[in-house]
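Q: I'd like to learn how to read a model of a complex, feature by feature. Could you walk me through one?

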Amino acid sequence: MTDKDQSSADDKTLVRASQQGDMAAFEELVARHRDRIFARAYSMMRNEEEAVDLSQEAWVKGWQRLRQFQGDSSFGTWMTRVVINLCLDQLRKQKRQRTESIEAMDEESGGVERQMPVVTVNPTAGLEREELRQRIDRALGLLSYEHRTVLVLHEFEDMEYKEIARTMGCSIGTVMSRLFYARRKLAVLLADIKNQDLL
Amino acid sequence: MRTKLTPANRLVWFPTLLVLLACVAVDAQAADAKFQVFLLWGTDDSKPPEGKAYKPVQPEIRQKLKELPLKWANWFEVNRVDFAVQQGVTKEVPISAKCQVNVKKLADSELELCLVGKGKEVVKRKQSLPKGEMLVLGGNAPNSTAWLVLLKRIE
Amino acid sequence: MDYDKQLKLQALLDGELPEAEASAVAQWLAQDHEAAALREELRNTRGALAEFEAGIQMPESREFFWSKVQREIERLETPAAKPASAPFSALWRRFLVPASAVAALIIAGVVLNRPDSTGHTPAAEIETALADSGAFTYRDYSAGTTLVWLSYPADTEVADNDEMGTVE
């Protein structure tokens with residue numbers, strides 16, 4: 001396959017060529033999807049260096065497992081699942097090494113999200129895209145990994161509740177409750193960030 | 001009070017130890033090598049197919065499979081055979097109606113494994129397999145599942 | 001507000017509430033201002049997140065990132081020789097030099113007297129003779145596991161068989 005062929009070929013063609021051992025075809029796939037894979041790793045890890053390393057590991061695993069890819073989903077979706085699993089493994093390892101976050105304790109001590117007042121004014125209304133991105137970035141960084149992960153899997157990966165439950169090894173009820181807390185907490189955090197910027 | 005190991009003592013003890021180790025090594029060479037071979041089925045379903053009483057794989061094997069670049073969530077044991085092989089001898093081990101492995105013990109930890117499917121040689125491989133290590137052969141199966149032939153040296 | 005109802009409201013927003021329950025929640029939303037405000041808050045949060053990842057880009061150039069991926073793939077596909085352990089070397093020098101001649105004689109004796117009918121070199125750790133040219137090998141040194149993934153049975157062959165195709 002020539003360079004021109006590769007850049008015009010669709011993902012399925014490139015995957016087939018890669019499955020036959022064509023590294024150049026695989027490089028084209030990496031080039032096409034690397035931002036998406038990195039973004040997913042970054043959303044979950046909140047650390048650029050770790051996200052780069054895990055993206056790299058995901059692409060290496062992707063190459064190794066390529067023969068198992070049977071086209072049930074798009075290649076991009078398949079690769080994001082690879083990177084998500086690597087991030088979850090990494091986060092679980094990190095969790096074992098640190099104490100429970102305050103957010104997790106909050107949740108288990110009686111559902112503080114039920115006490116949080118509703119944020120009636122949209123705290124992100126009228127913001128430029130970059131400003132909005134930075135604020136969400138800050139707010140996501142303040143959530144525990146369980147809450148952030150459930151949010152990422154639902155909002156960015158479009159996973160259904162039952163799929164998230166399977167991925168995270170918890171019940172659907174826990175997923176719903178974590179998602180609810182994460183959204184409510186995020187709204188409060190975004191409102192706080194807005195208020196801080198106004199001061 | 002601890003006895004200090006002087007250079008003179010070392011000259012006596014270490015060669016003695018080595019001689020003993022060498023004797024053990026010579027003895028081990030003559031012994032049979034013992035193996036377990038498993039035929040496994042990989043799937044994302046939590047249960048084996050209807051009508052099949054496959055058991056989930058042992059936790060130790062499940063953990064090792066988890067560390068390999070394999071996508072399937074669950075592994076079921078279809079068959080398991082324990083066998084021993086003498087040095088220089090080829091042991092034919094049927095693991096299903098259509099499939100068998102031929103294992104020949106070469107030297108020390110080395111062996112030659114041949115996977116035969118429907119009477120045809122599928123793969124032949126020479127491999128160093130010390131005690132506790134595993135050689136896993138696998139491939140895709142219908143309905144997005146997988147088969148594995150797992151050879152584990154137990155002695 | 002009832003917590004279960006709040007979760008149902010969220011499920012309605014996510015399209016995960018069964019139709020049978022959806023009308024009851026919709027009715028509740030129409031009557032309860034607080035519930036309607038909560039729905040707006042949840043919607044706003046979803047909206048704010050919608051474009052978040054679109055702005056994130058890999059900080060490394062295409063060429064640099066690919067070179068790292070490619071190097072790692074090649075490294076893993078080439079069975080590497082195990083590096084000698086430095087502490088062991090130090091121990092060897094410190095304690096076993098005087099015994100090395102004796103050890104060498106014993107080991108040479110063991111090797112020369114070993115019955116080896118195959119005639120192949122024991123030093124070759126892995127040697128493959130694959131009838132399946134589409135196979136690839138993955139070696140996990142820390143776990144002591146070697147995986148050989150085969151293209152057998154071929155897809156067409158698999159399609160003709162049940163569950164485990166030609167293996168079972």
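Here is a short dialogue on confidence, folds, a helix, some strands and a contact between chains.

Q: What should I look at before anything else, and what ipTM and pTM does the predictor give the complex?

A: Start with confidence, since this is a predicted model. The predictor gives the complex an ipTM of 0.83 and a pTM of 0.53.

Q: And what is the mean pLDDT of chain C?

A: The mean pLDDT of chain C is 70, with 54% of its residues reaching 70 or more. Next, look for stretches with low values. Residues 81-86 of chain C stay under 50, and the model has one contact for them beyond four places in sequence. Residues 108-131 of chain C are also below 50, and this stretch has 28 contacts in the model beyond near neighbours in sequence.

Q: How many helices and strands does chain C have?

A: Chain C comes to seven helices and three strands. Along its sequence the pattern reads α-α-α-α-α-α-β-β-β-α. Chain B, in turn, has two helices and nine strands, in the order α-β-β-α-β-β-β-β-β-β-β.

Q: What percentage of each chain counts as buried?

A: For chain C, 21% of the 168 residues count as buried. For chain B, the figure is 34% of 155 residues. You can also ask how contacts are spread along the sequence. Taking contacts with a separation of 6 or more, residues 24 or more positions apart account for 26% of them in chain C and 44% in chain B.

Q: How do I check a helix, say H3 of chain C, and what span should its 18 residues have?

A: Compare the expected length with the distance between the ends. At 1.5 Å a residue, H3(C), residues 33-50, should span 26 Å, and its end C-alpha atoms are 26 Å apart, so the two agree.

Q: Which residues of H3(C) are buried?

A: They are C:Leu38, C:Glu41, C:Leu42, C:Asn44, C:Thr45, C:Ala48 and C:Leu49. Viewed down the helix axis, the buried residues of H3(C) fall within an arc of 155°, so they line one face of the helix. On the other side of H3(C), C:His33 and C:Ala50 are exposed.

Q: What about H1(C): which residues are buried there?

A: In H1(C), the buried residues are C:Gln6, C:Lys8, C:Leu9, C:Gln10, C:Ala11 and C:Leu12. Just after H1(C), look at C:Gly15, which takes a positive phi of about 70°.

Q: Now for strands: in what sense do S1 and S3 of chain B pair?

A: A general idea helps here. In a regular strand the side chains alternate between the two faces of the sheet. In chain B, S1 (residues 33-43) and S3 (residues 74-85) pair in the antiparallel sense over eleven bridges. To find the register, match partners: B:Ala33 stands opposite B:Val85 in S3(B). Strand S2(B), residues 55-56, pairs with S3(B) in the antiparallel sense too, over two bridges. There, B:Lys55 has B:Glu77 of S3(B) as its bridge partner.

Q: Last topic: how many residues do chain C and chain A bring to their contact?

A: Chain C brings 36 residues and chain A brings 43. On the chain C side, H1 (3-13), H3 and H4 (62-77) each supply at least two residues. H3(C) gives the largest share of that side, ten residues. By residue type, the side of chain C that touches chain A divides into 19 nonpolar, seven polar and ten charged.

Conventions
Residues are numbered from 1 along each chain as its sequence is written. Chains are lettered from A and ligands numbered from 1 in the order in which they are written. This is a predicted model: local features need pLDDT of at least 70, side-chain atom pairs count only at pLDDT 80 or more; totals for chains, interfaces and linings use all residues. Helices (H or I, at least four residues) and strands (E, at least two) are DSSP runs, numbered from the N terminus. The expected span of a helix is 1.5 Å times one less than its number of residues. A residue is buried if 20 or more other C-beta atoms lie within 10 Å of its own, exposed if 12 or fewer, and partly exposed in between; C-beta atoms are placed from the backbone. The arc is that of the directions from the helix axis to the C-beta atoms. Two strands pair if DSSP finds at least two bridges between them. Two residues are in contact if their C-beta atoms, placed from the backbone, lie within 7 Å. Ala, Val, Leu, Ile, Met, Phe, Trp, Tyr, Cys and Pro count as nonpolar, Asp, Glu, Lys and Arg as charged, and the others, Gly among them, as polar. pLDDT is the predictor's confidence in each residue, from 0 to 100.
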